[in-house]
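I opened this entry to look up aromatic packing, backbone outliers and the contact between chains. My notes follow in the order in which I looked.

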Amino acid sequence: MPYCLSGKISEMLVIKNLHASIDGKEILRGINLEVKAGEIHAIMGPNGSGKSTLSAVLAGKADYEITEGSVTFNGKDLLELSPEDRAREGVFLAFQYPVEIPGVSNINFLKTAINEIRAYKGQTPMEAKDFLALVKEKQKLVELDGKLANRSVNEGFSGGEKKRNEIFQMAMLEPKLAILDETDSGLDIDALRIVAGGVNKLKSKDNATIVITHYQRLLDYIVPDVVHILYKGKIVKSGPKELALELEEKGYDFIKEEVGA
Amino acid sequence: MANEILAEQISGEYKYGFVTDIEADNAPKGLNEDIIRFISKKKNEPEWMLEYRLKAFKYWQTLEEPHWAHVSYTKPNFQDIIYYSAPKPKVQLNSLDEVDPELLKTFEKLGISIEEQKRLSGVESRIAVDIVMDSVSVKTTFKETLSEKGIIFCSFGEAVQEHPELVKKYMGSVVPYTDNFYAALNSAVFTDGSFCYIPKGVRCPMELSTYFRINASGTGQFERTLIIADEDAYVSYLEGCTAPMRDENQLHAAVVEIVTHKNAEVKYSTVQNWYPGDKNGKGGIFNFVTKRGICLEDNSKISWTQVETGSAVTWKYPSVILKGDNSVGEFYSVAVTNNYQQADTGTKMMHLGKNTRSTIISKGISAGFSNNSYRGLVRIAKGASNARNFSQCDSLLMGDKCGAHTFPYIEIKDKSAIVEHEATTSKIGEDQLFYCKSRGIDNEKAIGLIVNGYCKEVLNKLPMEFAVEAQKLLAVSLEGSVG
């Protein structure tokens, strides 16, 4: 597949009027969102507002039905792509609940992933020694114990280790768009600092990050360019980083009042 | 390299479905005393061997085919099978020039390059191969290299001629012809197989391997393997099998016997890839095999490792009799069934000696409409003090039309025994698949990864090259079974 970026597309991700439902129940009810390269967007919202659904739909989870709207990623129709092709195009989802794969080492898992992505781009598999060097370099980023890299994917990892492992994978795969789905949940303050530190180090003018979170806390470490408030499947308010603080102070009720729900 | 033999054999989809157009020397169909005399005569056997066969045949006639296994199939018509089929010309092959070119082509297709084997002879190859096609052993490589160390590795037929004292002493000592229906049948009509003797104090310097191939239509394959490790001896033995794709069911009823003397160790690894039948369950091999080893003397060890992906119906329980004190029995198994395949497989660990230990790791994977059963027996005899067993039986289900079953039996007659049994049943998770996909790994590769991870403990027990190819085989066998 030709890999063409026209250079004219300033938005990396464009979501227009996205509606999605599961088992006939509509969860997303017309999301509009534009993300440019180099930006960090935070999406906040109360429980059940559709935050995790949005991340799952972007990553291509099959359980959801898209009933309306469009998503383009670097000019491509994202919704037309299989989940693996989305990943190969540069979309990365850091899971809220990372999945365990017994017997498959982290290293083997990542090597397979990297080489699949490279094959998609018409590149040859990565040399073993380059790969190991990359592992070493990226491990430091999230202060991941070398032993964890050799253990089975997420098996027997603590909550914090699982989340760090997600960021480690992100560092290894170097996505264009990273979606962090409640990566802060279940993290103590030290783990939070490490995870956020990793994300910040990975930030560049060429990639973008969507941080999905329930609490403002994470945004002390990962400072967003824009904050969106998701409520009942819609983005009801967007603003600068201060919006997160306002939300923290007033609680989600103020949104409910504001949108007259 | 020689290891391509087994490597090639197990990669790709079922690509061994070809038939070689070799003129074969067949016995007429059917089974009676005359056929047995015919086989024995063809093989130029001594009288004692014929008598053994006839005794087995008489006994077999008194038996009924058992049906306690959790499998269902149309019983073979034993009068409709050709019991002897030999690729022609059946002459002693002294050089490659004498080998039928069609036969050589077959070996090439199977990835067995005898030319290369010969060239490498005694240099650096690590696998010696005996090839059994239909009813006879057609070529054994590296015989000379091995014989320098006193190792005997040859076809069973040759062993009967050259080493009758060893054959007489050990044949039937682990699996007597009275053992079961198919063992009796095999004892009556077996045509060839491999024989291996490792003398005292010798560690076999290379992997020994037997490669089984059913080629001719309408034939059954009944081979015997006998492996003896004398005191302080060691050998690692590999077995591989393929067959053409045919609409009919073909019967494979083998007997494998292993004997270990004091401090000896035998590792027996199988990658079983008989033709499993088509997607609708038509055709395929009936694989009814008796495999058993005995740790005859103290401190000896027998280890079975099997990766079972082929056959329409599999029915086998590689077992160990732990007679010697401090002896060790191991069973590591991966059994995959897809489409309409059925497998009833497991092991028996019979603890007779003191301080004996056994380990059972069984991984069943069911997909399609298949049924996969683990059946195992751990028996601790009275007086087998301080015996230990650990069993782990895991089942993995793919899809919702298949079945996984576990039938563990434990009989303990000695109070000092410690027996542990763990079992799990899981489904290959949509979550796991999605997680892999979200990292750029497609469905097939993801299944390969997950399944290989699940089987890791067993695959780790296989010789290196074998393990790599077994991993590929697992992925191929399960292609298209999820999502």
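**Aromatic cluster.** I began with the rings of chain B, keeping in mind that this is a predicted model. One aromatic cluster is formed by B:Phe57, B:Trp60, B:Trp68, B:Tyr73, B:Phe78, B:Phe181, B:Tyr182, B:Phe286, B:Phe288, B:Trp315 and B:Tyr317. I then took the count of aromatic pairs over all chains, which comes to 26. From these I looked up B:Tyr182 and B:Trp315, an edge-to-face pair with 6.0 Å centre to centre and 75° between the planes. The two rings come from distant parts of the chain, 133 residues apart: B:Tyr182 belongs to helix H9 (residues 181–189) of chain B and B:Trp315 to strand S15 (residues 313–316) of chain B. Are these two residues buried or exposed? I noted B:Tyr182 as buried because its relative accessibility is 4%, and B:Trp315 as buried because its value is 6%; the cut-off for buried is under 20%.

**A stacked pair.** Next I looked up B:Tyr237 and B:Tyr268, whose rings are stacked at 5.2 Å centre to centre, with 20° between the planes. B:Tyr237 is in strand S9 (residues 234–242) of chain B and B:Tyr268 in strand S12 (residues 265–272) of chain B, so this pair ties together parts 31 residues apart in sequence. Both partners went down as buried: B:Tyr237 has a relative accessible area of 0%, and B:Tyr268 has 1%.

**Charges over rings.** I also checked where a charged side chain sits over a ring. The charged end of B:Lys363 is placed over the ring of B:Tyr454, 5.0 Å from its centre. B:Arg439 lies over the face of B:Tyr435, and here the distance to the ring centre is 4.8 Å.

**Positive phi.** Which residues other than glycine did I note with a positive phi? B:Asn263 has phi near 60°, and B:Ser311 has phi near 70°. B:Asn263 is in the loop between strand S11 (255–260) and S12 of chain B. B:Ser311 is in the loop between strand S14 (301–308) and S15 of chain B. I compared their accessibility: B:Asn263 counts as partly exposed at 33%, whereas B:Ser311 counts as buried at 0%. S12 is also the strand that holds B:Tyr268 of the stacked pair, and S15 is the strand that holds B:Trp315 of the edge-to-face pair.

**Chain A against chain B.** I turned last to the interface. The contact takes 31 residues from chain A and 18 residues from chain B. About 2,000 Å² is buried between the two chains, and carbon and sulfur atoms give 66% of that area. How many salt bridges are there between chain A and chain B? The count is three. I looked up one between the side chains of B:Lys445 and A:Glu116, with 3.0 Å from N to O. Polar contacts across the interface come to ten residue pairs, both residues being at pLDDT 80 or more. On the side of chain A that touches chain B, at least two residues each are supplied by helix H1 (51–59), helix H2 (83–89), strand S6 (91–94), strand S7 (101–105), helix H3 (106–120) and helix H6 (159–173) of chain A. H3(A) gives the most to this side, with six residues.

Terms used
Residues numbered from 1 in each chain as written. Chains lettered and ligands numbered in written order. Heavy atoms only, no water. Phe/Tyr/Trp six-rings, centres within 6.5 Å; stacked < 30°, edge-to-face > 60°. Helix = DSSP H or I, 4+ residues; strand = E, 2+ residues; numbered from the N terminus. Buried < 20%, exposed > 50% of the residue type's maximum accessible area, 1.4 Å probe, protein only. Lys NZ or Arg CZ within 6 Å of the ring centre and 35° of its normal. Contact = heavy atoms within 4.5 Å. Buried area = accessible area lost by both parts, 1.4 Å probe. Salt bridge = Lys/Arg side-chain N within 4 Å of Asp/Glu carboxyl O. Polar contact = N/O pair within 3.5 Å; in protein donor to acceptor, adjacent residues only side chain to side chain.
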